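Student: Please take a close look with me at a single part of this model, and show me how that part fits in with what surrounds it. I am new to this, so a slow walk would be welcome.

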Amino acid sequence: MTAKYLIRFDDICPTMDWAIWNDLETILIENDIKPIIAVIPDNKDKSFFISEPASDFWKRVKKWQDNGWTIGLHGYQHQYVTQDRGLLCLKMQSEFAGIDEETQYHKLQSGLNIFKENNITPEIWVAPSNSFDLQTIKALKRLGLNLISDGFSFRP
């Protein structure tokens with residue numbers, strides 16, 4: 001039996017480290033690796049202000065999706081507003097866990113609208129800091145986003 005691996009890249013945004021990413025993207029394409037790409041729709045996290053914003057960012061995301069890569073909604077602005085650990089209890093910070101469902105719904109909808117404006121349909125949800133709660137799940141379901149990729153483990 002051939003081993004199968006799932007690879008996911010989080011924190012993809014216009015101001016990420018493009019020098020590193022460009023080399024990595026070349027390796028992925030050359031080896032026909034189709035990862036999950038978790039995109040922050042409206043990044044406000046200053047720790048990811050590394051490079052000048054890529055003017056072709058959304059065109060690149062669209063190209064990745066057209067080439068069979070799975071595009072994920074990675075939060076909305078990647079700003080931590082609570083210290084709620086959420087369902088997975090991995091980190092004490094969250095953009096979503098501990099917030100009421102309606103507020104979460106509107107943040108998620110705002111992120112999805114940015115994708116829609118750029119003709120991209122995310123297939124999966126990836127929570128910033130692996131932190132989400134039951135209210136997040138309810139809001140995602142209302143928005144028709146039914147797949148979650150989160151946490152990390154040596155086994156599925």
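Tutor: Happily! Let's begin with a term: a helix here is a DSSP run of H or I with at least four residues, a strand is a run of E with at least two, and both are numbered from the N terminus. Please keep in mind that this is a predicted model. The part I have picked is helix 2, which spans residues 57–66.

Let's approach helix 2 from the loop that leads into it. Ala54 sits in that loop, between strand 2 and helix 2. Ala54 has a relative accessibility of 16%, and because buried means under 20%, Ala54 counts as buried. Leaving aside residues up to four places away in sequence, Ala54 touches Pro14 and Trp18. Thr15 is 39 residues from Ala54 along the sequence, yet their C-alpha atoms are 6.6 Å apart in space.

Now for the helix itself. Its buried residues are Phe57, Trp58, Arg60, Val61, Trp64 and Gln65. These residues lie on the same side of helix 2, because they cover an arc of only 155 degrees around the axis. Turn to the other side of helix 2 and you find Lys59 and Asp66, which are exposed.

What do the buried residues of helix 2 pack against? Their partners are strand 1 (8–12), helix 1, strand 2, strand 3 (70–73) and helix 3.

Moving on, Gly68 comes just after helix 2 and has a positive phi of about 95 degrees. For background, most residues other than glycine have a negative phi.

Two of those packing partners also belong with helix 2 in another way. Strand 2, helix 2 and strand 3 together form a right-handed β-α-β unit. The two strands of this unit run parallel and are joined by four bridges. Within strand 3, Leu73 is the residue that stands opposite Val39. Leu73 also faces Trp125 in strand 4. Strand 3 and strand 4 pair in the parallel sense too, over two bridges.

So here is the path to trace on your screen. Start at Ala54 in the loop after strand 2, follow helix 2 with its buried residues on the same side, pass Gly68 just after helix 2, and finish in strand 3, where the β-α-β unit is completed.

Methods:
Residues numbered from 1 in each chain as written. Predicted model: local features only at pLDDT ≥ 70, side-chain atom pairs only at ≥ 80, totals over all residues. Heavy atoms only, no water. Buried < 20%, exposed > 50% of the residue type's maximum accessible area, 1.4 Å probe, protein only. Contact = heavy atoms within 4.5 Å. Arc of directions from axis to C-beta. Pairing = 2+ DSSP bridges. Right-handed = clockwise from strand over helix to strand, strands pointing away.
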